[in-house]
Amino acid sequence: MNGHWLDRPAVQWTLRILLAGLFGYAGFLKIAQPLAFADGIATFRLLPAWMITTVAVALPVAEILLSALLLAAWRRAAALGLLVLTGVFIVALLSVVARGIEVNCGCFGPGGPTSGWLELGRNALLAIALGLVYRHELTKQSRANAASPAGAS
Amino acid sequence: MRLVNRVSMLRGDLGLLAVIAAVSLIGGFLLNLRPGAGVPFPYMAKGQRLAVEVAAIPGELAPGSPAQPVEFIEFAEVRSASTTALFIDARPSLFFRTGHIPGARNLARDRFREMFLAQRAELETAREKPVIVYCGNAQCEDSILVAGALRDLGFSNVRVFKGGWAEWTREKMPEEQA
């Protein structure tokens, strides 16, 4: 059980607190100004109008819920959920960089145009951190299952 | 056995995520009902929302050609020489209050109708005068949108200072706070 240093409880708690704080903060900023976030999504020129509204209203709530769950119960599912969201952001940013268009990602509330490469780097770091949390929780549960009488049978 | 275990865990996680997605969707749309928050469904771009606001202003619309840009030097000259020109700050009120070009009026793109109607009497006197609109920086589009709205409302001499507040402060020009 005492394997890699990345699996130490202190490291995992630190990662989870940082990630939950970051995604929760981002979610609250978007909820405070949903129209500005919708305008940011529109700059990506990827989604139809009805979907822009749907994403603009639902995504911040999802970020806050998943952040809360990352600190409490269902950490593995929360890490997976945030990992999927980050993956979607990365794909969207890659398409922006490929098309050479200027966007305002709206990731942390309204603001001016953001650099696609900078956002990609930030999201890649987040994906790595979330991957570490997810892998840790998955391994922990696998071991627990294997150790339980049902898992051993 | 280990793979079966992991697939079973993944299935459970995805089920939970589906529930979270549903709760987020319902919660998000409920939050969107709160006053002043509403993202229109379907989404309308800034220009479309402004056009709706302009159409709701009583009076005749006279769509004009797009406003021409004005560079910093010319803008500064017009500002120091002209006593009749009207300067419009198209940024949200919060930014305007923090700092703006001395003498400028705030006609924020996101509250255009309300602010236009509140200042209508003073603005009407500038219908034929030079009007220069600016926003945050060269990338923002609020100045272009507000200039277009003013032209639609019959203001015949509207131009856009593209560099906006960023260029004004970069050149260390005087500021005013509301």
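This report describes a predicted model in terms of its confidence, one kinked helix, its salt bridges and the contact between its two chains.

## Confidence of the model

Because the coordinates are predicted, the confidence values come before the geometry. Chain A has a mean pLDDT of 88, and 89% of its residues reach 70 or more. Within chain A, the highest confidence belongs to helix 3, with a mean of 97, whereas helix 6 (residues 149-152) has the lowest, with a mean of 53. Where pLDDT is low, the predicted coordinates should not be read in detail.

## Helix 3 of chain A and its surroundings

Helix 3 of chain A covers residues 49-71, and for these 23 residues a rise of 1.5 Å a residue gives an expected span of 33 Å, which agrees with the 34 Å that separates the end C-alpha atoms. The helix nevertheless carries a kink of about 30 degrees at Ala58(A), shortly before the proline Pro60(A).

Two residue pairs place this helix relative to other parts of the chain. Pro60(A) has its C-alpha atom 6.8 Å from that of Phe28(A), although the two residues are 32 apart along the chain. Phe28(A) belongs to helix 1 of chain A and, with a relative accessibility of 53%, counts as exposed. Ala62(A), which lies in helix 3, counts as buried at 12% relative accessibility; its C-alpha atom is 8.9 Å from that of Leu82(A), a residue 20 positions away in sequence.

## Salt bridges within the chains

Over all chains the count of salt bridges comes to 14. In chain A, one of them joins the side chains of Glu137(A) and Arg16(A), with an N to O distance of 3.3 Å. Since Glu137(A) lies in helix 5 (residues 116-147) and Arg16(A) in helix 1 (residues 9-32), this pair ties together parts of chain A that are 121 residues apart in sequence. Both Glu137(A) and Arg16(A) are buried, that is, under 20% relative accessible area.

In chain B, Glu124(B) takes part in two of the pairings described here. The side chain of Glu124(B) meets that of Arg120(B) at 3.0 Å, N to O, and the two residues, being four apart in helix 6 (residues 120-124) of chain B, are separated by about one helical turn. An α-helix has 3.6 residues a turn, so residues three or four places apart point the same way. Glu124(B) also forms a salt bridge with Arg127(B), where the closest N and O atoms are 2.5 Å apart. The three residues are partly exposed, with relative accessible areas of 26% for Glu124(B), 22% for Arg120(B) and 21% for Arg127(B). In chain A, salt bridges that share partners join Arg16(A), Glu137(A) and Lys140(A) into one network.

## The contact between chain A and chain B

The size of an interface is often given as the accessible area lost when the parts come together. For chain A and chain B the buried area is about 2700 Å², of which 72% is on carbon and sulfur atoms. The contact draws on 34 residues from chain A and 30 residues from chain B.

Charged pairs also occur across this interface, where two salt bridges are found. The side chains of Asp13(B) and Arg76(A) meet in a salt bridge, with N and O 2.8 Å apart.

Notes. Residues numbered from 1 in each chain as written. Chains lettered and ligands numbered in written order. Predicted model: local features only at pLDDT ≥ 70, side-chain atom pairs only at ≥ 80, totals over all residues. Heavy atoms only, no water. Expected span 1.5 Å × (residues − 1). Bend = angle between axes of the 7 residues up to and from the residue. Salt bridge = Lys/Arg side-chain N within 4 Å of Asp/Glu carboxyl O. Buried < 20%, exposed > 50% of the residue type's maximum accessible area, 1.4 Å probe, protein only. pLDDT = per-residue confidence, 0-100. Contact = heavy atoms within 4.5 Å. Buried area = accessible area lost by both parts, 1.4 Å probe.
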